[in-house]
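This report describes a single protein chain in terms of its core, its cysteines, its charged pairs and its pocket. The sequence and structure are shown first, and the account follows.

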Amino acid sequence: MMDLSDLYQELILDHSRSPRNFGRLATFNMTQQGFNPVCGDQVTFYILESKGVIQDISFEGEGCAIAMASASLLTDVLKGKSVEQMHHLFDDFTQVVTTGEVDEAVEARLQKLIVLAGVSQYPVRVKCATLAWHTVKAAVSDEDIVATTE
């Protein structure tokens with residue numbers, strides 16, 4: 001019988017091998033590049049935002065399994081969320097992947113992103129998991145820089 005950690009690993013591998021929302025959106029009004037110098041992960045996000053809501057989001061890039069799975073899962077979860085909700089999810093996600101601490105409320109808010117909680121056991125991989133988040137946060141903040149995990 002498969003335990004929960006095996007199921008989480010399978011979901012991460014699935015999103016890494018077949019990322020959702022991969023490719024450039026035909027219409028977007030925000031874009032941001034991100035780079036993880038430690039691992040070499042590179043992502044570019046395309047966001048269609050209207051009235052404070054992320055209507056659509058996609059990404060392009062390449063990187064390790066954790067970085068690609070995180071970007072894929074993030075795009076699934078953020079569609080239809082407000083920019084304010086994205087900021088709260090950023091805080092929750094960062095806490096979970098850095099500390100491994102999860103309560104029921106955080107787990108409910110993060111939805112399927114909770115599969116990346118195990119990253120907290122591998123501190124060097126935290127930057128891989130958070131690259132997508134830092135990049136999207138920079139995009140909605142209209143920062144004109146390449147987002148990094150440094």
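In which helix is Thr130 found? In this predicted model, Thr130 is found in helix α5. Thr130 has a relative accessible area of 6%, and is therefore buried. Leaving aside residues up to four places away in sequence, Thr130 touches Phe93, Val97 and Thr149.

## Nonpolar core

In soluble globular proteins, nonpolar side chains tend to be buried together. Here the largest nonpolar core has 42 residues. Within this core, Phe45, Leu78 and Leu116 have the most contacts. At least two residues of the core come from each of the strands β2 (41-50) and β3 (53-62). The helices α2 (65-78), α3 (83-99), α4 (104-110) and α5 (126-140) likewise each supply at least two.

The contacts of Leu78 may be listed individually. Apart from residues up to four places away in sequence, Leu78 touches Ile54, Ile57, Met86, Leu89, Trp133 and Val136.

## Cysteines

A disulfide is a covalent bond between the sulfur atoms of two cysteines. The count of disulfides in this model comes to zero. Why is Cys64 not bonded to Cys128? The sulfur of Cys64 lies 3.6 Å from that of Cys128, its closest cysteine sulfur, and this is too far for a bond, because the cut-off for a disulfide is 2.5 Å. From the other side, Cys128 is likewise in no disulfide, and its nearest cysteine sulfur is that of Cys64, 3.6 Å away. Cys64 counts as buried because its relative accessibility is 14%, and Cys128 is buried with a relative accessible area of 1%.

## Salt bridges

Side chains of opposite charge can pair when their charged atoms come close. The model has four salt bridges by the rule applied. The table gives three pairs, with the distance between the closest N and O atoms.

| Basic residue | Acidic residue | Closest N and O atoms |
|---|---|---|
| Lys79 | Asp56 | 3.3 Å |
| Lys112 | Asp76 | 3.2 Å |
| Arg109 | Asp92 | 2.6 Å |

Lys79 forms a salt bridge with Asp56. Lys79 lies in the loop between α2 and α3, and Asp56 in strand β3, so this pair ties together parts that are 23 residues apart in sequence. Lys79 is partly exposed at 34% relative accessibility, and Asp56 is also partly exposed, with a relative accessible area of 23%.

Asp76 forms a salt bridge with Lys112. Because Asp76 lies in helix α2 and Lys112 in the loop between α4 and α5, the pair ties together parts that are 36 residues apart in sequence. Asp76 counts as partly exposed at 27% relative accessibility, and Lys112 is partly exposed with a relative accessible area of 33%.

Arg109 forms a salt bridge with Asp92. This pair links distant parts of the chain, with Arg109 in helix α4 and Asp92 in helix α3, 17 residues apart. Is each partner of this pair buried or partly exposed? Arg109 has a relative accessible area of 39% and is partly exposed, whereas Asp92, at 9% relative accessibility, counts as buried.

## Helix α1 and the largest pocket

His15 is found in helix α1 (residues 4-17). At 2% relative accessibility, His15 counts as buried. Not counting residues up to four places away in sequence, the residues that His15 touches are Arg20, Met68, Ala69, Ser72, Leu73 and Asp76. Among these contacts, Asp76 is also the residue that forms a salt bridge with Lys112.

Rolling a probe the size of a water molecule over the atoms shows where empty space is left. The largest pocket holds about 400 Å³ of space. It is lined by 16 residues, of which Gln9, Ile12, Gly118, Val119 and Tyr122 are the closest to its centre. Which element gives the most to the lining of the largest pocket? Helix α1 does, with six residues.

Gln9 lies in helix α1 and is partly exposed, its relative accessible area being 47%. Gln9 and Thr135 are separated by 126 residues in sequence, and their C-alpha atoms are 24 Å apart in space.

Key. Residues numbered from 1 in each chain as written. Predicted model: local features only at pLDDT ≥ 70, side-chain atom pairs only at ≥ 80, totals over all residues. Heavy atoms only, no water. Core = buried A, V, L, I, M, F, W, Y, C linked by side-chain atoms within 4.5 Å. Buried < 20%, exposed > 50% of the residue type's maximum accessible area, 1.4 Å probe, protein only. Helix = DSSP H or I, 4+ residues; strand = E, 2+ residues; numbered from the N terminus. Contact = heavy atoms within 4.5 Å. Salt bridge = Lys/Arg side-chain N within 4 Å of Asp/Glu carboxyl O. 1 Å grid on protein atoms, 1.4 Å probe; cavity = no way out; pocket = protein on both sides within 12 Å on 5 of 7 lines; lining within 4 Å. Points joined across faces, edges and corners; volume = space filled by probe spheres on them.
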